[in-house]
Amino acid sequence: MSTGWPLLSLLVFSPLGGVLLLLLSAGRPGNTDLRARRIALVSSLVTLGIAILLWHRFDPATGGYQFQEQAEWLGRGVAWRLGVDGISLPFVLLTALLLPACIIASGTVRIRITEYMVAFLVLETLMLGVFVSVDLVLFYLFFEAVLMPMFLIIGIWGGPRRIHAAFKFMLYTLLGSLLMLLAVAAIWLETGTTSIPDIAALAARGSLFGESTQTWLWLAFLASFAVKLPMWPVHTWLPDAHVEAPTAGSVILAGVLLKLGGYGLLRLSLPFFPEASVALAPLVLVLSVIAIIYTSLVALVQEDIKKLIAYSSVAHMGFVTIGIFSFSRQGIEGALFQMVSHGLVSSALFLCAGLLHDRLHTRELARLGGLAAVMPRHAVLFMLFVLASAGLPATSGFVGEFMVLAGAISVSGPVALLAGTGMILGAAYGLRMYGRVMFGTLADERFRTLSDLCPREMAILGLLAFLVLWLGIFPGTLLEIFQVSVPPFPDGGLPGAWNAS
Amino acid sequence: MDTLSLTRLESLFPELLLAGTALFLLVLTALRGDGACRACVPAASLALALAVLLAPDGGNAPDFVREHFRTDGFTLFGKRLVFLSALACLWLSVPASGERDDTRAEFTILLLLSVAGMGVVVSAASLPALYLGMELQALPLYIIAVMRRDDPRASEAGLKYFVLGALSSGLFLYGASLVYGSVGRMGFHDIADSIAGQAGVTLTTVAGLVLVVSGLAFKMSAAPFHMWTPDVYEGVDTPVTAFLASAGKITALALFARLLLDPLLPLLGEWQQMVVLLSLLSMLAGALGALGQTSIKRLLAYSSIGHAGFVLMGVAAGNSQGAESVLVYLAIYMAMTIGIFSLVLAMRGRDGPPGEISALAGLATSHPWQAFLMAVLLFSLAGIPPLAGFFAKFHVLVAAVEAGLVPLAIAGVVLSVVSAFYYVRIVRIMYFDPPGAEVVPAAPVRGHMATATGLFVLAFFLAPAPLVTAARAAAAGLFP
């Protein structure tokens with residue numbers, strides 16, 4: 001289904017319109033900072049509007065790509081292909097939603113506001129580009145391009161050890177991605193095309209690659225996605241990046257950038273390399289279980305709030321990979337739901353932590369305590385998000401994890417059991433952190449004068465809370481979008497039926 | 001006997017025009033005795049522009065010319081890049097206000113002669129033609145390199161360049177003589193046919209070819225013949241560095257690629273391993289050598305060695321995708337090199353262009369636009385999408401994978417990450433460090449060129465088709 005307007009191109013490039021305005025207005029007299037914030041906010045809201053329009057016009061009964069656009073690009077099978085289906089649409093909405101939140105939450109950024117906003121808008125374009133790409137090379141282009149703005153965001157506006165964190169983030173991710181580039185080249189040479197649905201169709205028809213070739217290609221793709229997700233043991237860049245990034249940077253990193261990895265696994269690895277995926281699924285499942293339990297235990301002893309949330313992100317992504325590699329409909333839908341839910345919950349948690357840091361200039365549990373009495377509204381919302389992170393029923397966190405476990409049980413009982421243990425640990429570290437920060441005696445008498453949430457913060461956190469609860473109670477809203485494009489899996493799990501066209 | 005008329009020299013048109021303009025300007029400046037002749041740069045620019053636009057694809061030539069001088073799509077593409085780079089470097093050399101301006105005429109004339117030589121090199125179809133072209137290219141360059149008479153570092157660099165360049169030319173000539181001695185032919189195709197026709201390749205021929213390749217490798221600054229590059233690039237005047245890094249390298253790489261992929265393609269099995277080794281060592285030297293550098297020009301020298309290594313990967317692939325990727329890479333490399341040197345020149349510290357990387361500290365706060373362009377070009381050199389440098393590397397990697405050179409491709413990719421570190425470190429110094437030494441934007445031409453190349457690199461991903469299609473068409477001439 002396509003409309004007259006190239007809606008997806010408009011969506012992807014609309015933030016750049018804001019960038020242009022920002023650059024043009026940078027030299028003008030007047031309050032540059034305020035103007036920059038306003039332009040960026042308006043631009044991101046325009047993008048959100050287009051995304052909602054897309055949702056409105058989306059046909060929930062069609063499984064294939066909609067709003068498709070195609071244009072000649074590199075030639076010989078590589079084309080500028082855009083399209084959105086049931087799997088990508090929620091991520092588009094998530095990205096479009098989180099950006100305005102990030103911009104609003106950047107109130108404490110004091111230096112070089114214009115460049116800050118430019119970086120975020122460029123980042124938005126690139127992230128949206130990943131989710132609407134239907135061409136492999138285009139996907140790779142956007143996927144890797146996010147490194148640049150994120151590197152600058154962490155490195156310029158980050159915390160004390162930001163340079164170390166920025167370099168680690170960039171080089172780690174770059175290495176994984178470049179190995180994937182070779183695999184992309186190999187696929188192009190083998191199939192003569194880089195259209196994602198076409199390659200998936202070829203793969204579904206019968207062994208596209210020989211067994212060992214497929215394994216290498218799958219591993220090359222995994223190298224890239226595993227670092228992005230992140231999976232244990234290539235997760236070590238994440239805690240540093242999250243701790244050092246500015247609040248909005250952490251929000252977008254956890255909210256959207258981590259999802260690129262999961263999205264890639266689902267969109268590319270599974271359809272292109274079905275046999276290798278099945279054969280190497282045990283590897284992924286083992287790594288995921290280790291990730292969940294290990295990082296949860298590490299989170300349990302953390303003294304820095306942001307680092308704790310960072311480790312919890314790794315644990316949540318472990319659920320995502322278990323869900324994907326359970327090759328069951330429930331598991332995959334659960335993984336997708338979990339990704340969206342984590343996008344909302346994690347973002348909110350980082351916002352809450354960022355609020356505290358802005359007011360108190362510390363994130364250490366040892367120096368905090370008893371804040372619930374002083375900031376009641378913050379306490380309530382923070383509690384909600386902590387419980388959502390732990391997977392409390394009636395929050396979105398529960399739905400995703402439950403479905404993933406249901407899918408995992410069909411694959412392997414022990415895996416489900418261990419992953420379930422992770423849920424318990426999730427509650428443990430979440431509540432420990434919350435208790436230390438919020439309950440007990442007030443750690444410092446100066447805290448008594450702290451201000452509670454201002455209307456701006458209330459609005460964003462309130463919106464996120466609403467979404468978390470809504471999706472927890474009415475998960476069908478999201479699931480019905482996913483369900484359209486997730487094909488039924490035959491028992492035994494070979495994802496061979498995967499060829500959305 | 002062919003009668004010689006001007007139309008019959010069509011294929012030599014660019015080189016004749018450039019040499020003719022050089023001689024004309026020589027006479028003009030000799031008569032007027034004016035070192036800073038005002039007409040030089042415009043005249044030379046016009047000549048170069050005409051050379052770019054009117055360079056012939058095929059075209060008339062007497063038989064004796066055609067034997068030594070080939071014009072086809074590939075050479076046309078290469079020559080256009082060389083002439084364009086030379087034009088850009090000529091504009092870069094125009095001194096900014098406050099800089100010395102007494103050698104403009106000499107520089108222009110020598111540049112034109114050198115570029116004429118480069119044209120001959122790219123089109124060479126026989127050993128003597130190649131040697132002639134190489135010498136015509138190199139001798140003016142030796143003089144240009146030492147042009148800054150009062151700077152001992154320039155003199156030292158120029159001397160190193162001369163000595164090592166002469167040595168490599170000597171090696172080349174010796175190798176050429178060995179090849180001629182054993183094969184009895186001078187034209188590349190003739191040599192290749194003879195070698196293919198024989199039952200085996202004699203030791204003399206192999207020795208000769210190895211020496212020839214060594215001589216060429218020096219010109220390309222491919223490791224292990226790259227030692228001169230950092231010292232020379234650092235010591236000479238920055239516009240000359242830009243000229244060496246862009247036009248000089250493109251010439252050498254274009255010829256090398258053409259030599260191996262056209263006449264010597266049937267001997268792929270013989271030379272592929274050698275080129276793979278050259279490629280690997282160059283990428284290694286480029287990646288590791290630059291890590292510890294604090295001088296911008298030395299870092300860019302090592303970076304150019306690394307890029308040459310990548311181009312050699314495309315050559316080693318030995319297929320049409322390889323030829324196409326070489327041309328695409330050279331075109332994008334030209335834009336990036338001109339851009340980055342324009343920026344280095346466009347900024348001036350208290351005495352001359354910033355030599356140390358640390359002089360760029362905090363540039364993003366004081367000169368955001370320059371810093372942005374620099375960052376764009378640096379990320380492109382690192383090969384990060386969506387910038388043009390990524391497409392260059394991607395094409396080469398596809399060619400390498402297609403040819404089965406997967407370990408080399410993996411090495412290339414890993415070394416790209418290593419080299420990304422030092423490119424990104426400069427970005428970090430510009431953006432993350434607090435402002436340091438005061439740098440002042442200088443000549444507007446340099447700024448415009450930086451903007452043009454920066455925007456090209458940035459916006460390339462939106463319309464890569466024209467360049468890629470042109471390269472494909474040019475490469476198709478070699479692989480019908």
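**Exercise 1.** List the contacts of Leu22(A), leaving aside its neighbours within four places in sequence, and state whether Leu22(A) is buried or exposed.

*Solution.* Step 1: contact means heavy atoms within 4.5 Å. Leu22(A) is then in contact with Ala36(A), Ile39(A), Thr114(A), Met117(A), Val118(A) and Leu121(A). Step 2: one of these partners, Ile39(A), is 17 residues from Leu22(A) in sequence, and their C-alpha atoms are 6.7 Å apart. Step 3: Leu22(A) belongs to helix α1 (residues 7-25) of chain A. Helices (H or I, at least four residues) and strands (E, at least two) are DSSP runs, numbered from the N terminus. Step 4: the relative accessible area of Leu22(A) is 0%, so it is buried. Buried stands for under 20% relative accessible area, exposed for over 50%, and partly exposed for values in between (1.4 Å probe, protein chains only).

The model is predicted: local features need pLDDT of at least 70, side-chain atom pairs count only at pLDDT 80 or more, and totals for chains, interfaces and linings use all residues. Residues are numbered from 1 along each chain as its sequence is written, chains are lettered from A and ligands numbered from 1 in the order in which they are written, and side-chain values use heavy atoms, with hydrogens and water left out.

**Exercise 2.** Check the span of helix α3 (residues 88-104) of chain A against its number of residues.

*Solution.* Step 1: the expected span of a helix is 1.5 Å times one less than its number of residues. Step 2: for the 17 residues of α3(A) this gives 24 Å, and the end C-alpha atoms are 25 Å apart, which agrees. Step 3: 16 of the 17 residues of α3(A) are buried, so the helix is largely enclosed by the rest of the structure.

**Exercise 3.** Compare the radius of gyration of chain A with that of a compact globule.

*Solution.* Step 1: the radius is taken over C-alpha atoms, and the globule rule is 2.2 Å times the number of residues to the power 0.38. Step 2: for 501 residues the rule gives a value near 23 Å; chain A has 22 Å, which agrees. Step 3: along the principal axes, the C-alpha atoms of chain A fill a box of roughly 70 × 60 × 40 Å. Step 4: 65% of the 501 residues in chain A are buried. Step 5: the secondary structure of chain A consists of 20 helices and two strands.

**Exercise 4.** Which parts of chain A does the salt bridge of Asp452(A) with Arg377(A) link?

*Solution.* Step 1: a salt bridge is a side-chain nitrogen of Lys or Arg within 4 Å of a carboxyl oxygen of Asp or Glu. Step 2: in the pair Asp452(A) and Arg377(A), the closest N and O atoms are 3.6 Å apart. Step 3: Asp452(A) sits in the loop between α18 (413-438) and α19 (455-473), Arg377(A) in helix α16 (residues 376-390), and the two are 75 residues apart. Step 4: Asp452(A) counts as buried at 14% relative accessibility, while Arg377(A) counts as partly exposed at 43%.

**Exercise 5.** Place the salt bridge between Arg153(B) and Glu234(B) in its network.

*Solution.* Step 1: the closest N and O atoms of Arg153(B) and Glu234(B) are 4.0 Å apart. Step 2: Arg153(B) lies in helix α7 and Glu234(B) in helix α10 (residues 228-235) of chain B, so the pair ties together parts 81 residues apart in sequence. Step 3: salt bridges with shared partners join Arg153(B), Glu156(B), Lys160(B), Asp231(B), Glu234(B) and Arg298(B) into one network.
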